[in-house]
Amino acid sequence: MPGMKEIKSRIKSVQSTRQITNAMEIVSTTKFKRYSKLVTESRPYEKSMRKILGNIASGVKNEEHPLFDGRKEVKSIAIIVITSDRGLCGSFNSSTLKELEKLVEKNRNKNITVIPFGRKAIDFISKRNYDFSESFSKISPDEMNKIAGEISEEVVEKYNNHIYDEVYVIYNKFISALKYDLTCERIIPIARPESELNSEYIFEPSAEYILSALLPRFINLQIYQAILNNTASEHSARKNSMSSATDNADEMIKTLNIKYNRNRQSAITQEITEIVGGASAL
């Protein structure tokens, strides 16, 4: 049974850990509010873009476009996998990386290129010798749209040059402060969106020109949304994990204090018993 000195030392250690987890919870809460606001504000734009694309697609059902129609034979794919730079967020990153492994295993007979975002993904694919030519980490909010634009231009160009036949993105979609959904989505070729309208459009200069301008922007938006959603989900997961850790530390401190007080009371009782016993002997 541990002595009072050991219990006191343990209490101080747990209190120190609690201060750290509480501070991290506060930081993650602040960042979560910032990124969740960005996600909420950007979703109407995404919804409008999908609606426009759906209306145009319904008016050009007979028009062919490589970003819509895809290829008969898929030989090479690219996978954009988005994780965090740091841990301490539960199973957030491990679930994403397991989904990456499943997709790689499913397409093991094809040439696979991984484009990792976040230090956790970079370390993971480096240890497994996956093919990757570039990686991204420590992305600030101001850089997200720029990097998403660069990646979208690159994957569209490589798709048009038959280097990639399909492009996937794996990320965590932000739902609420307590929920996020792991998502594996094919972004190239684009699935033709359905529209409630069924109208014929007259395009100037041409439908092909408009689609060639609109579809890369739509892919850019999808990658940007994936990065933004994943970052908001990361801070949500870390906030909840640190909150649980703080609660567990509080419970442990309470248990140790009870144990310390019992040992102290036992020691006092023992001393009184010895004094009384000594006095009786006299």
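**The largest pocket and strand S1**

The largest pocket of this predicted model is lined by 22 residues, and Asp-85, Ile-139, Thr-231, Glu-234 and His-235 lie nearest its centre. A pocket here is an open set of points on a 1 Å grid over the protein atoms alone, where a 1.4 Å probe fits, with protein on both sides within 12 Å along at least five of seven lines, and lining residues have an atom within 4 Å of a point. By class, the lining comprises eight nonpolar, eight polar and six charged residues. Helix H1 (4-59), helix H5 (141-160) and helix H6 (207-281) each supply at least two lining residues, and the largest share, five residues, comes from H6.

Strand S1 (residues 76-82) is largely enclosed by the rest of the structure, because seven of its seven residues are buried, that is, under 20% relative accessible area with a 1.4 Å probe and protein chains only. In a regular strand the side chains alternate between the two faces of the sheet. In S1, Ser-76, Ala-78, Ile-80 and Ile-82 are buried on one side, and Ile-77, Ile-79 and Val-81 are buried on the other.

S1 pairs in the parallel sense with strand S2 (residues 111-117) over seven bridges, and with strand S3 (residues 166-176), also in the parallel sense, over five bridges; pairing requires at least two DSSP bridges between two strands. Ile-77 stands opposite Ile-112 in S2 and opposite Glu-166 in S3.

Residues are numbered from 1 along each chain as its sequence is written. Local features need pLDDT of at least 70, side-chain atom pairs count only at pLDDT 80 or more, and totals for chains, interfaces and linings use all residues, while side-chain values use heavy atoms, with hydrogens and water left out.

How values were computed:
Helices (H or I, at least four residues) and strands (E, at least two) are DSSP runs, numbered from the N terminus. Ala, Val, Leu, Ile, Met, Phe, Trp, Tyr, Cys and Pro count as nonpolar, Asp, Glu, Lys and Arg as charged, and the others, Gly among them, as polar. Buried means under 20% relative accessible area, exposed over 50%, partly exposed in between (1.4 Å probe, protein chains only).
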